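Please consider the disulfides of the protein shown below. The following paragraphs describe where they lie in the chain and how they are built.

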Amino acid sequence: MAVNDAGRGVAVEDFDGDGWLDLVTAGAFESLHYFRNRGGDLGFEDVTAASGLAGVMQPFSVTAADFDDDGWLDLFVARPFQHYALFRNVGGGRFEEVTEDVGLWRAGDRRIAATWTAAWGDLDLDGDLDLFLAQWGMALPFVDGLLAQDRMDSTLFLNQHGHFVDVTARFGLAGLVADEYFVGADFGDFDGDGWPDLFLSSPVRGASALLRNQHGEGFEPIALPRRESGFYAAWVDIDHDGRLDLFQAGFGDARTSTEQTVFGLGRDEWRSGHSTLLLQAADGSFAERNDLFAGAASPMGTMGAGWGDLDNDGCHDFYLGTGNPEGWFLLPNLLYVGLRDGRRCSGRMTDASVLAGFATIQKGHGIVFFDFDGDGDQDVYSALGGMWPADAWPNQLFVNESHLDRSWMAIRLRGRRSNHFGVGARIRVAAKAADGTPIVRTALIGNGTGFGSAPYLAHVGLLDAVAVESVEVSWPASHCTARYRGELKRLNVFDEAACLDNAGPTPSRR
């Protein structure tokens, strides 16, 4: 697992169906590696050769998604300066490439597909996952050779029963993405109308965009208070109020980031480069809150990021991977731990990077929080390394040995009318402490992490809860909401069938 390369993407999921979370890593100057989880304490084994993923060279980002809705997690692999590839999981963690077969690429296409992020979501609510590719579509002036080839703009593909159709123009995005540079994208129903919206993040100032889904017929641009450049971005309900907020990783030039972070110069005057949270108010407006990342260090020059809950209090912890293409730019990666106001999550975080041993001084990319050993607390895998071959570094697995006796529950969803893993579903857990005090936490089923994907599995910390009163799941395609009984300190599997039975019969798509 200690792949020594210019690490980029990390995809974590149970690819072989044995109940344990596996790892697929991507390194810019090497190949894919598929590490099978042998069962927690038994560690991982490299099964790349037997999986069908051997020889996939120069992967950049890697994302898991069940595109054909058969219950096996497939893999999308970005390879800048080659074309991307989609690998179908044929069962048991064995893969075959189907990129051309499913309409994602045409033989003979000579364009450069410089893909940064693949975002999956059911934008038309037909029960299968559609795909947006955030790409470097900007033409480069005064260059020759490979870099002078035509570039593929960021593209939206509609999934029609396992075959993909380019609907970028049909959904009103052609002008927005033409000759533009996007590195982050994520689907999320921010306005609560049941239709997944889309946020696009760009390192070009003013190019990032919030797009409201017009009931599966197109997208409408929505104004945001932040016009600064950004890198990876994703939806998250940071304060558990039921409204989706937005995390956007800040990206600035190396000199500015170093001056602000190390020397404190211009920290208040210069806004560019700050990682931030855009909090959504009850009226649907967003407010930029850089102050939520508190501490001595300022989160600047963030490339990769991931979040979870390391201490099972239910409040989000963020691990930010710093970096910049310039070789001399080295800043510690930053761990921010969520702070509580009583049993409520305040949304504020404090810097615990050095205290918790996370302040690695190397460029950070793919970061995933997941419970690899099944002991009830989340661990962290981090892909490290920079842009150049000399900037390689071994990836790191941080094993959580906190020994906190706090309550938690893990949740898997089984879609019927919705997609198999319930991507896009909203979850609200209502629990209570011994004194009867309510504890409420929310979760969104997605794969939010830069350069890769976290499991489609909600790990919900519940602090000192002694009982779960209800788990409310809002399913995406059926617009059906149901309450389930949940149990603490175990994996709970909730089936959409129960919701549909109460709402009336519906034909199964499986």
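The link of Cys480 and Cys499 is left-handed, with -110 degrees about the S-S bond. This pair joins distant parts of the chain: Cys480 is found in the loop between strand E35 (465-474) and strand E36 (481-484), while Cys499 belongs to helix H4 (residues 496-503), 19 residues apart. In this predicted model, the sulfur atoms of Cys480 and Cys499 are 1.8 Å apart, and the pair is accepted as a disulfide because the cut-off is a sulfur separation within 2.5 Å. Both Cys480 and Cys499 are buried.

The structure holds two disulfides, and the other link is formed by Cys315 and Cys345, with 2.1 Å between their sulfur atoms. About the S-S bond, the value for Cys315 and Cys345 is -95 degrees, and this link is left-handed. Cys315 occupies the loop between strand E23 (302-308) and strand E24 (317-322), whereas Cys345 is in strand E26 (residues 344-351); the pair therefore ties together parts that are 30 residues apart in sequence. Cys315 is buried, as is Cys345.

How are the bonded cysteines of the protein paired when they are numbered in sequence order? The pairing is 1-2, 3-4. In terms of residues, Cys315 is bonded to Cys345, and Cys480 is bonded to Cys499. As for the chemistry of such a link, a disulfide is a covalent bond between the sulfur atoms of two cysteines.

How values were computed. Residues numbered from 1 in each chain as written. Predicted model: local features only at pLDDT ≥ 70, side-chain atom pairs only at ≥ 80, totals over all residues. Heavy atoms only, no water. Helix = DSSP H or I, 4+ residues; strand = E, 2+ residues; numbered from the N terminus. Buried < 20%, exposed > 50% of the residue type's maximum accessible area, 1.4 Å probe, protein only.
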